[in-house]
Amino acid sequence: MEVLRLFLLVAWLLQLVSAQTITDPAEVDALNKMIDYWNLRSKLNLTTDPCAQNAPWASENANPRVTCDCTSNPCHITHLKIYALDILGEIPTELFMLRKLMDLNLGQNVLNGSIPAEIGQLSNMQYLSLGINNLTGQVPSELGNLTKLISLSFSSNNFFGPLPKELGNLTSLQQLYIDSSGVTGPIPQEFANLKFLRILWASDNQFTGKLPGFLGALTELSDLRLQGTLLEGPIPSSFHALNKLQDLRIGDLSGQDTALDFLENQRSLSILSLRNCRVSGQIPKRLGTFGNLQLLDLSFNKLKGQIPTSFQDFPSLQYLYLGNNNLSGELPLKIISPKLIALDVSHNPLSGNLPLNFAKVGLSINVIGTSINANRKALAILHCLQGNTECSNKILASSFAIKCGGTQLTSASGTEYDDDSETLEAASFYTSSDQWVVSNTGNFISNPNGPIYIAKTDSQITGTLESELYKTARISPSSLRYYGLGLRNGKYNIDLHFAEIAMDDSLSWKGLGRRVFDVYIQGERVLQDFNIQKEAGGSKRALVKTFKANVTNTIIEIHFFWAGKGTCCIPYQGTYGPLVSGIHVSQVSGGNSSSKHNKKRVGRLVGIAVGCAAVLVISSSVFYIWWTRTKDSSSHMRVFTDSPKDNLVR
């Protein structure tokens with residue numbers, strides 16, 4: 001009897017042991033080494049078997065997360081997520097001991113070094129995310145071995161060199177995120193094999209050559225983004241086959257002009273942005289029948305003719321950007337549809353009146369640089385931006401200063417910076433006592449913070465004695481312009497004040513963002529691919545850039561322009577575009593200033609010498625004013641108002 005009991009006990013123990021979860025020992029060892037290498041023991045302390053049932057690190061919301069497949073013995077680790085935990089170091093070789101991995105998410109960390117070629121050994125991989133890190137080197141061709149991949153992301157890194165053609169082997173791929181990854185060269189022809197691709201984000205890379213026609217064969221595409229590259233147009237006619245597109249963003253093309261003929265059957269589009277693509281011809285009437293369209297951006301192109309009457313009563317359109325084209329005629333009577341939030345038609349030779357419902361609650365309109373009657377004095381002054389009309393010669397000032405995004409401020413040197421805290425919207429402008437105007441167009445799509453166009457910080461700004469000047473800034477997702485009005489003609493100094501206050505430079509993944517934009521003064525590009533943080537040597541550090549320009553028509557234009565470059569989503573979606581903290585414009589020569597910014601006079605002389613000097617100065621001034629007016633009337637030059645059109649439409 002005792003023997004029988006002992007036998008049953010042993011049998012029960014054997015059954016219990018066999019029922020326990022046991023992970024492949026080599027995988028357990030590799031996982032523990034990675035945990036220690038990345039200093040994650042406080043977040044993932046494996047006190048039991050990694051594949052133990054109901055382990056806290058196996059839940060759907062766990063981070064770090066480890067899950068397994070135990071259909072066979074031993075168990076194998078199939079899912080590993082270490083997401084946004086700021087892990088440092090390289091990708092260790094121990095990772096490739098997890099041969100059964102299907103889902104690896106190492107996104108939003110600070111990993112450096114290259115992607116090891118051994119990545120190609122993980123042949124079961126379906127989801128691979130390495131985006132938003134500090135990885136370098138070339139993208140390994142061994143990624144092409146992962147033929148089961150459904151989603152691949154290595155965006156926002158510092159790779160170099162071309163994309164490997166072997167990525168064309170990933171014929172099951174549905175999502176590919178490679179924006180801001182640093183890759184260069186042409187898009188490989190082998191990408192034509194990615195027939196199931198639905199999402200392709202490839203903006204902000206140094207791609208060269210023609211925009212590939214073979215992308216038109218990827219008929220499953222619903223989201224295609226190609227902004228801020230070196231690709232050349234035109235947009236291929238083969239794109240007409242992409243009738244499942246919901247989000248199409250192409251921008252900043254050089255080369256040949258593009259027609260909109262390819263837009264035929266893309267009636268699923270909700271976002272269509274073809275900004276700065278050398279789009280020419282007329283706007284097709286059929287666009288007005290795209291019933292799902294919420295955002296349409298055709299700005300900074302070469303469009304002509306009238307805005308189609310089909311753009312009336314757009315059922316779902318919220319944002320319409322047609323600025324910086326050559327559109328003429330009058331606005332359609334019912335262009336302001338019930339859902340329209342923003343309408344930008346600035347810098348077009350349009351005329352007539354605003355529609356009757358232009359004052360609709362929640363609507364913003366920008367008509368600067370047109371001849372549309374908007375009953376604003378500043379706009380009347382800016383009508384001279386169109387054609388060869390001469391602006392007013394009335395001399396009001398020879399300097400102005402603006403505290404961009406903030407309230408009035410007097411600097412230590414006595415410069416008075418005007419209040420510029422007015423709320424701007426997706427297509428709007430603000431005038432300050434007819435001395436200057438600020439104009440903004442664009443909206444931050446998917447920004448979780450909503451439509452915010454002013455950045456603020458409470459942190460101290462280093463590298464300056466004027467910290468308060470830099471604690472606010474205007475930001476824009478597209479185009480931000482400042483105009484000085486009624487200025488005395490002559491040469492001017494322009495001081496632009498910058499400090500990166502929206503992106504940090506910490507050792508976290510949140511410090512990996514890059515803001516890149518261009519600056520134009522009087523139509524001439526003075527800064528290209530400008531990165532405040534890089535030039536200043538860090539975030540929250542002051543930087544002043546000084547330029548000289550001529551005013552020949554009483555107006556100066558300073559234009560901050562986003563050309564599709566820089567990261568889009570660090571530290572959150574919609575973090576990009578121009579940023580400026582302050583502007584100070586002052587005349588170099590040309591007589592005394594009547595501006596409030598130059599009220600102080602330095603030094604006094606006494607006696608007869610002063611009187612003689614005063615007489616001499618007055619006489620000289622009278623002669624100078626007479627001479628400059630005579631000169632201006634005979635050699636008047638129009639302000640470059642289509643900036644950056646002449647430079648961007650390459």
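The exercises below, each with a worked solution, concern cavities, aromatic pairs, a sheet and one histidine in a predicted model.

**Exercise 1. The largest cavity**

Determine how many cavities of 30 Å³ or more the whole structure holds, and describe which residues and strands line the largest cavity.

Solution. Begin with the search of the whole structure, which finds 4 cavities of 30 Å³ or more; the largest cavity encloses about 60 Å³ of space. Next, list its lining, which consists of Ser-299, Phe-300, Asn-324, Asp-344, Ser-346, Asn-366, Ser-439, Thr-441, Ser-479, Leu-480 and Arg-481. Then turn to the strands: S30 (436-441) and S33 (479-484) each contribute at least two residues to this lining, and S33 gives the most, with 3 residues. Finally, sort the lining by class, which yields 2 nonpolar, 7 polar and 2 charged residues.

**Exercise 2. The second largest cavity**

State the volume of the second largest cavity, and work out how its lining residues divide by class.

Solution. The volume of the second largest cavity is about 40 Å³. Its lining is made up of Asp-297, Ser-299, Phe-300, Tyr-321, Asp-344, Thr-441, Gly-442 and Ser-478. Dividing these residues by class gives 2 nonpolar, 4 polar and 2 charged, where Gly is placed among the polar residues and Tyr among the nonpolar ones.

**Exercise 3. Two aromatic pairs**

Classify the ring pair of Trp-436 and Tyr-482 and that of Phe-517 and Phe-530, and say where in the chain the partners lie.

Solution. The count for the structure comes to 17 aromatic pairs. For Trp-436 and Tyr-482, the distance is 6.2 Å centre to centre and the angle between the planes is 50 degrees, and the pair is classed as tilted. The two partners come from distant parts of the chain, with Trp-436 in strand S30 and Tyr-482 in strand S33, 46 residues apart. Both Trp-436 and Tyr-482 are buried.

For Phe-517 and Phe-530, the ring centres are 5.4 Å apart and the planes stand at 80 degrees, so this pair is edge-to-face; the cut-off that decides the step is an angle over 60 degrees. Here too the pair links distant parts of the chain, since Phe-517 belongs to strand S35 (residues 517-521) and Phe-530 to strand S36 (residues 524-530), 13 residues apart. Phe-517 has a relative accessible area of 1% and is therefore buried, and Phe-530, at 1% relative accessibility, counts as buried as well. As a last step, place the four rings in their wider setting: one aromatic cluster is formed by Tyr-430, Trp-436, Tyr-482, Phe-498, Phe-517, Phe-530 and Phe-560.

**Exercise 4. His-559**

Decide whether His-559 is buried or exposed, and find which side chain makes a polar contact with its own.

Solution. First locate His-559, which lies in strand S38 (residues 556-561). Its relative accessibility is 0%, so His-559 counts as buried, the cut-off being under 20%. The partner of its side chain is the side chain of Ser-479, in a polar contact of 2.7 Å. Ser-479 is also one of the residues that line the largest cavity.

**Exercise 5. A sheet and its edges**

For the open sheet with the order S31-S32-S39, explain why one side of each edge strand lacks a neighbour.

Solution. The sheet has 3 strands, and the pairing is antiparallel. Strand S31 (454-456) and strand S39 (579-580) stand at the edges with a single partner strand each, so one side of each has no neighbour in the sheet. To examine one pairing, note that 3 bridges join S31 to strand S32 (residues 472-475); in S32, Arg-474 is the bridge partner of Ile-454.

How values were computed
Residues are numbered from 1 along each chain as its sequence is written. This is a predicted model: local features need pLDDT of at least 70, side-chain atom pairs count only at pLDDT 80 or more; totals for chains, interfaces and linings use all residues. Side-chain values use heavy atoms; hydrogens and water are left out. Helices (H or I, at least four residues) and strands (E, at least two) are DSSP runs, numbered from the N terminus. Buried means under 20% relative accessible area, exposed over 50%, partly exposed in between (1.4 Å probe, protein chains only). A polar contact is a pair of N or O atoms within 3.5 Å; within protein, one must be able to donate a hydrogen and the other to accept it, and residues adjacent in sequence count only if both atoms are side-chain atoms. Two strands pair if DSSP finds at least two bridges between them. On a 1 Å grid over the protein atoms alone, a cavity is a set of points where a 1.4 Å probe fits but cannot get out, and a pocket is an open set with protein on both sides within 12 Å along at least five of seven lines; lining residues have an atom within 4 Å of a point. Grid points are joined across faces, edges and corners, and a volume is the space filled by probe spheres set on the points. Rings of Phe, Tyr and Trp (its six-membered ring) pair if their centres lie within 6.5 Å; planes under 30 degrees apart count as stacked, over 60 as edge-to-face and the rest as tilted.
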